[in-house]
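Welcome! Here are a few short exercises to work through, each followed by a solution in steps. Have a look at the structure before you begin.

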Amino acid sequence: LVATLGSVWRIAENSVKPWPSGRASQATLGVLADHPGVSAIEAHVPTLIARLVGRAWVPDMSPAYARLCLKFLAALMMTDGRIDPRRFTAAHFADPVLRGLGERVTIIVDGNPDPNALAPQRFVLTMTGGDRREIVVPATLGSPDNPISQAVSENKLDFALGLAAKHPATPRPDPLTSLSGTP
């Protein structure tokens, strides 16, 4: 580490997630966002991706669980064209229409020998008209090899700020005041 100090900037190796969901879901969500009108999707993914997001849709899942449930996330993207954290609720987890869309997602382990691989990923899309498309994602959107654009970054920020404005943070007591009773 010291040998590269000042010449290698590890911050450039970080990924930025376009959607408020687990990193392992981002390639699938990107494909769905770029191809409206998908009626079914096969995700051919490395083992790590399948292990992280191939979890079952359960009606009593928590929001944390749902952020890594690809069937739920894909149903939201197919319905809304985005992932809205306000939809991470018991009512939406129990929604039969969303559940039906989620059942149209098939996850297939692709045989990649690297147990830590996140890419490449291959998708077979069945469109509402019946035609099929194959998409290969060599690097997940938001990764250093496929960074998000300025426009996507600005849209993400605008959406997050809009959510924050509608749900302001609850004021918390000053820790110094609460410990001593006086500031």
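**Exercise 1.** In this predicted model, decide whether Phe72 is buried or exposed.

*Solution.* Start with the relative accessible area, which is 0% for Phe72. Buried means under 20%, so Phe72 is buried.

**Exercise 2.** Find the partner that Phe72 meets in helix α5, and classify the ring pair.

*Solution.* Phe72 forms an aromatic pair with Phe93, with 5.1 Å from centre to centre and 75° between the planes. An angle over 60 degrees counts as edge-to-face, and that is the class of this pair. Next, place the partners: Phe72 sits in helix α4 and Phe93 in helix α5, 21 residues apart. Phe93 is buried too, at 2% relative accessibility.

**Exercise 3.** Work out which residues the ring pairs join into a cluster.

*Solution.* There are three aromatic pairs to consider. In one of them, the ring centres of Trp57 and Phe72 are 5.3 Å apart and the planes meet at 80°, so this pair is edge-to-face. Trp57 belongs to the loop between α2 and α3, 15 residues from Phe72 in α4. Trp57 is buried, with a relative accessible area of 4%. Put together, the cluster holds Trp57, Phe72, Phe88 and Phe93. Phe88 also has Arg67 over its face, 4.8 Å from the ring centre.

**Exercise 4.** Describe how covered helix α4 is, and what its buried residues pack against.

*Solution.* Helix α4 spans residues 70-80, and eight of its 11 residues are buried. Among them are Leu70, Phe72 and Met77. The packing partners of these buried residues include α1, α5 and β2. Just after the helix, Gly81 adopts a positive phi of about 75°.

Terms used. Residues numbered from 1 in each chain as written. Predicted model: local features only at pLDDT ≥ 70, side-chain atom pairs only at ≥ 80, totals over all residues. Heavy atoms only, no water. Buried < 20%, exposed > 50% of the residue type's maximum accessible area, 1.4 Å probe, protein only. Helix = DSSP H or I, 4+ residues; strand = E, 2+ residues; numbered from the N terminus. Contact = heavy atoms within 4.5 Å. Phe/Tyr/Trp six-rings, centres within 6.5 Å; stacked < 30°, edge-to-face > 60°. Lys NZ or Arg CZ within 6 Å of the ring centre and 35° of its normal.
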